Amino acid sequence: MDDILIIGAGQAGMQLAVSLRDLGFTGPITLSGSEASGPYQRPPLSKAYLSGEADVETLELRAPSFYDDKHITLRCDDAVVAVEFTGERGVATTASGARIEFAQLALTPGSEPRRLQIEGGDLDGVLYLRDLSDADELKGRWDAAANVVVIGGGFIGLEVAAAARKAGKAVTVLEAADRLIARAVSPITSEFYRQAHRRRGTDVRLDARIARLVGETAVAGVELEDGELIPADLVLIGIGVVPRSGLAEQLGLELSGGAIVVDEFARTSDPRIVAAGDAVLLPHPLGGEGRVRLESVQNAVDQAKVAAATLIGKLEPYRAVPWFWSDQADLKLQIAGLSSGFDEAVLRGNPDDEHFSVLYYRDGQLIAIDSVNDAPDYMAVRRALGQNATIPADQAPDTSRPLKSLVVPSPA
Ligand SMILES: Cc1cc2nc3c(=O)[nH]c(=O)nc-3n(C[C@H](O)[C@H](O)[C@H](O)COP(=O)(O)OP(=O)(O)OC[C@H]3O[C@@H](n4cnc5c(N)ncnc54)[C@H](O)[C@@H]3O)c2cc1C
């Protein structure tokens with residue numbers, strides 16, 4: 001029997017299992033997870049769950065009965081620690097000593113927070129946010145915290161900062177780079193977020209140089225290299241993630257920059273093994289240059305669908321338009337496409353109104369959009385990218401016309 005083991009019961013692993021059943025696979029599926037609970041949504045952890053607007057049940061990706069109904073064996077709280085193939089079959093060993101045999105393997109282990117190596121980094125009250133257990137620890141300290149310092153001005157840091165301001169805390173964001181969210185958006189969008197967080201009362205520091213975290217046993221402050229001490233009873237570190245690729249390394253799979261290299265069919269360098277989600281480096285899904293690593297729900301879901309199809313012998317290349325969102329206070333950022341490598345950014349609307357878009361072009365071709373509180377603009381570009389269409393850059397700023405009315409086929 002072609003039994004399949006999926007290692008990593010998160011967004012991608014869950015989707016892979018569901019897609020295998022949707023595609024008619026009837027063999028045994030084991031979904032193996034290291035967390036105490038079954039697959040759940042991470043995005044609310046820094047948004048509605050943190051603010052107390054969503055409870056833990058609403059995070060579940062599927063009700064517990066789903067796994068029995070679909071004959072998916074869900075094994076929680078027992079990480080796979082070793083995995084190997086012997087001839088045609090493989091065997092995985094878990095932390096508790098269980099052995100799981102399989103014929104085909106999918107790796108969906110996700111990523112983990114990059115740790116800040118700094119004096120005081122292990123003080124009580126210095127936290128990271130990836131899992132439900134991290135979120136519960138953060139929530140447990142939330143009410144008592146008056147001064148919150150966020151280290152890292154990326155999406156997770158800024159979402160936590162917005163939630164903390166909304167809860168009335170004094171909030172400082174320390175970003176080492178010269179702008180916020182620098183890996184994902186253009187300087188126009190970065191500057192908008194700096195100002196928007198400042199307007200809401202957050203102290204945003206760019207080019208921040210942190211000397212150490214201070215405190216006896218619990219953190220009391222963050223000391224900058226110039227000697228300034230910023231009081232803190234809670235420090236949230238959000239400085240990016242690193243792919244979990246330990247098992248892939250054991251299996252001798254090709255890695256690059258710590259991520260698992262796959263082709264457009266989600267196949268690793270060993271054709272018996274597929275991989276999907278945050279841990280993976282994939283060919284640019286829209287035919288752009290090079291490989292990309294995408295940390296998003298969209299990628300985890302769409303790539304898992306491709307991986308499931310590959311496992312049952314239906315090769316369907318990954319061609320999904322990347323999309324992403326981030327909720328910070330009352331600001332909804334929506335991104336479609338990948339803006340890296342853009343040579344022109346066109347502003348549509350007025351950032352001062354907190355309602356605008358930035359369209360990105362490369363060689364005159366539309367490649368991406370960031371929209372703030374403008375879902376119609378975002379949807380117009382997402383659809384255009386999926387249809388190999390474009391929007392002339394000289395017409396894009398014209399807000400008297402809906403963006404979707406400006407879409408034209410891309411030149412051949
Ligand atoms: C706080 C937060 C907010 C986010 N907000 C957004 C957002 O607004 N929009 C968006 O698009 N994306 C957002 N993301 C990113 C998104 O959640 C991830 O891109 C997505 O979860 C990746 O899916 P994945 O399956 O690759 O990894 P995960 O969902 O992390 O799942 C991987 C699972 O594998 C388990 N695992 C790892 N190793 C093993 C092992 N050896 N054995 C067994 N199990 C193992 C892990 O414990 C984990 O449960 C957010 C992430 C976080 C943390």
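What follows is a walk through the domains, the ligand shell and a few local features of this predicted model.

The chain splits into three domains by assignment: domain 1 covers 4–112 + 241–311, domain 2 covers 115–237, and domain 3 covers 330–409. Between domain 2 and domain 3, the C-alpha centres are 30 Å apart. Seven residues of domain 2 and eleven residues of domain 3 make up the contact between them. On the domain 2 side of this contact, five residues are nonpolar and two are polar, with no charged residue in the set.

Turning to the ligand, 36 residues surround it, and the closest are Gly8, Gly10, Ala12, Gly110 and Gly277. Helix H1 (11–22), helix H8 (297–311) and strand S23 (323–328) are the elements that each give two or more residues to this shell. By residue type, the shell breaks down into 16 nonpolar, 14 polar and six charged. Domain 1 and domain 2 each put at least three residues into the shell.

Helix H1 deserves a second look. Its twelve residues reach 16 Å from the first C-alpha to the last, close to the 16 Å expected at 1.5 Å a residue. H1 is mostly covered, with nine of its twelve residues buried. Ala12, one of the closest residues to the ligand, is among the buried ones, and so are Gln11, Gly13, Met14, Gln15, Leu16, Ala17, Val18 and Leu20. The cover over these buried residues includes strand S1 (4–7), strand S2 (29–32), S3, strand S7 (104–107) and H8. H8, then, turns up both in the packing around H1 and in the ligand shell. After H1 comes Gly24, with a positive phi near 95 degrees.

Helix H6 (residues 187–199) passes the same kind of length check: 13 residues at 1.5 Å a residue should span 18 Å, and the end C-alpha atoms are indeed 18 Å apart. The buried residues of H6 are a mixed bag, namely Thr189, Ser190, Phe192, Tyr193, Arg194, Ala196 and His197. They pack against helix H5 (155–166), strands S11 (170–174) and S12 (203–205), and also S24, strand S26 (355–362) and strand S27 (365–372). Just past the end of H6, Gly201 has a positive phi of about 100 degrees.

Elsewhere, strand S4 (residues 80–86) and strand S5 (residues 89–94) run antiparallel and are joined by six bridges. Within this pairing, Glu84 of the hairpin sits opposite Val91 in S5. Two residues lie between the strands of the hairpin, where Gly87 takes a positive phi near 65 degrees.

Positive phi also shows up outside glycine. Most residues other than glycine have a negative phi. His71 goes the other way, with phi near 55 degrees. His71 sits in the loop between helix H3 (65–69) and strand S3 (72–75). With 11 other C-beta atoms within 10 Å, His71 counts as exposed, because the cut-off for exposed is 12 or fewer. Ala329 likewise has a positive phi, near 55 degrees, and is found in the loop between S23 and strand S24 (331–337). Ala329 has 18 other C-beta atoms within 10 Å and is therefore partly exposed, since a residue needs 20 or more to be buried. The strands on either side of this loop come up in other settings too: S23 gives residues to the ligand shell, while S24 is part of what the buried residues of H6 pack against.

Technical notes
Residues numbered from 1 in each chain as written. Predicted model: local features only at pLDDT ≥ 70, side-chain atom pairs only at ≥ 80, totals over all residues. Domains from an automatic or database assignment. Contact = placed C-beta atoms within 7 Å. Nonpolar A, V, L, I, M, F, W, Y, C, P; charged D, E, K, R; others polar. Near = placed C-beta within 6 Å. Helix = DSSP H or I, 4+ residues; strand = E, 2+ residues; numbered from the N terminus. Expected span 1.5 Å × (residues − 1). Pairing = 2+ DSSP bridges.
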